[in-house]
Amino acid sequence: MKKYGILLGILVGVMVMVGCVGDTELRWKNVSSNTATDIRWVDYSGDESDVVWNENLADTDYSNFKKVNATHGWGECDLGGGAAQIDVDNDTNPDTLSLNEGSSETYNIYGVAK
């Protein structure tokens, strides 16, 4: 019986530690000088949008934080020429991102990959 008590204590401790990580959240800041629409976070597999922001972001505006499930992926948005992958570091290349689990992160929208 004592073994089960110790095992149960260890299990509860592990469950508490895993539950303390918290939600991973993401928001966007538009710095492109165009209005960003149809913003989405796409799972690294590329199969589907993990989260969609139904917001129109003018230049220098921030989106709301949203909880994301996929910690690896990329952003997509429409800056007036159709949806494309977001460039977050101003090098005109598409960027694949890794979010830190349990963090709240902000990425800039400099443009979209051409």
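## Two strands side by side

Let's start with β1 and β8, which pair in the parallel sense over 6 bridges. One place to look is leucine 26, whose bridge partner in β8 is glutamate 105. Keep in mind that what you have in front of you is a predicted model.

These strands belong to an open sheet of 3 strands, with the order β4-β1-β8 and mixed pairing. β4 (66–67) and β8 (104–109) each have a single partner strand and stand at the edges, so one side of each is left without a neighbour in the sheet.

On the β4 side, strand β1 (residues 25–30) is joined to β4 by 2 bridges, and the two run antiparallel. Here glutamate 25 has lysine 67 in β4 as its bridge partner.

Strand β8 also shows two faces. Glu105, Tyr107 and Ile109 make up the covered face, while Ser104, Thr106 and Asn108 make up the uncovered one.

## A cluster of rings

How many aromatic pairs does a search of the whole structure find? The search turns up 2. In one of them, tryptophan 28 and tryptophan 53 meet edge-to-face, at 6.1 Å centre to centre and with 85 degrees between the planes. Tryptophan 28 sits in strand β1 and tryptophan 53 in strand β3 (residues 49–53), so this pair ties together parts that are 25 residues apart in sequence. Are these two tryptophans buried or exposed? Tryptophan 28 is buried, with a relative accessible area of 0%, and tryptophan 53 also counts as buried at 0% relative accessibility.

Tryptophan 28 has another ring partner, tyrosine 107: their centres are 6.4 Å apart and their planes stand at 45 degrees, so the pair is tilted. This pair links distant parts of the chain, with tryptophan 28 in strand β1 and tyrosine 107 in strand β8, 79 residues apart. Tyrosine 107 has a relative accessible area of 18%, and it counts as buried because the cut-off is under 20%. Put the ring pairs together and you get a cluster of Trp28, Trp53 and Tyr107.

## Strand β5 and its partners

Now move over to strand β5 (residues 72–78). This strand is mostly covered: 5 of its 7 residues are buried. Which strands pair with β5? They include β2, β6 and β7.

Take strand β2 (residues 37–43) to begin with: 5 bridges join it to β5, and the two run antiparallel. If you want a spot to find by eye, arginine 40 stands opposite glutamate 76 in β5. Strand β7 (residues 97–98) pairs with β5 in the antiparallel sense over 2 bridges. There, histidine 72 has serine 98 in β7 as its bridge partner.

## A hairpin to finish

The remaining stop is strand β6 (residues 83–87), which runs antiparallel to β5 and is joined to it by 3 bridges. Cysteine 77 is a handy marker here, as its bridge partner in β6 is alanine 84.

What do β5 and β6 form? They make a hairpin, with 4 residues between the two strands. Have a look at glycine 80 in the turn: its phi is positive, at about 110 degrees.

Note on methods:
Residues are numbered from 1 along each chain as its sequence is written. This is a predicted model: local features need pLDDT of at least 70, side-chain atom pairs count only at pLDDT 80 or more; totals for chains, interfaces and linings use all residues. Side-chain values use heavy atoms; hydrogens and water are left out. Buried means under 20% relative accessible area, exposed over 50%, partly exposed in between (1.4 Å probe, protein chains only). Two strands pair if DSSP finds at least two bridges between them. Rings of Phe, Tyr and Trp (its six-membered ring) pair if their centres lie within 6.5 Å; planes under 30 degrees apart count as stacked, over 60 as edge-to-face and the rest as tilted.
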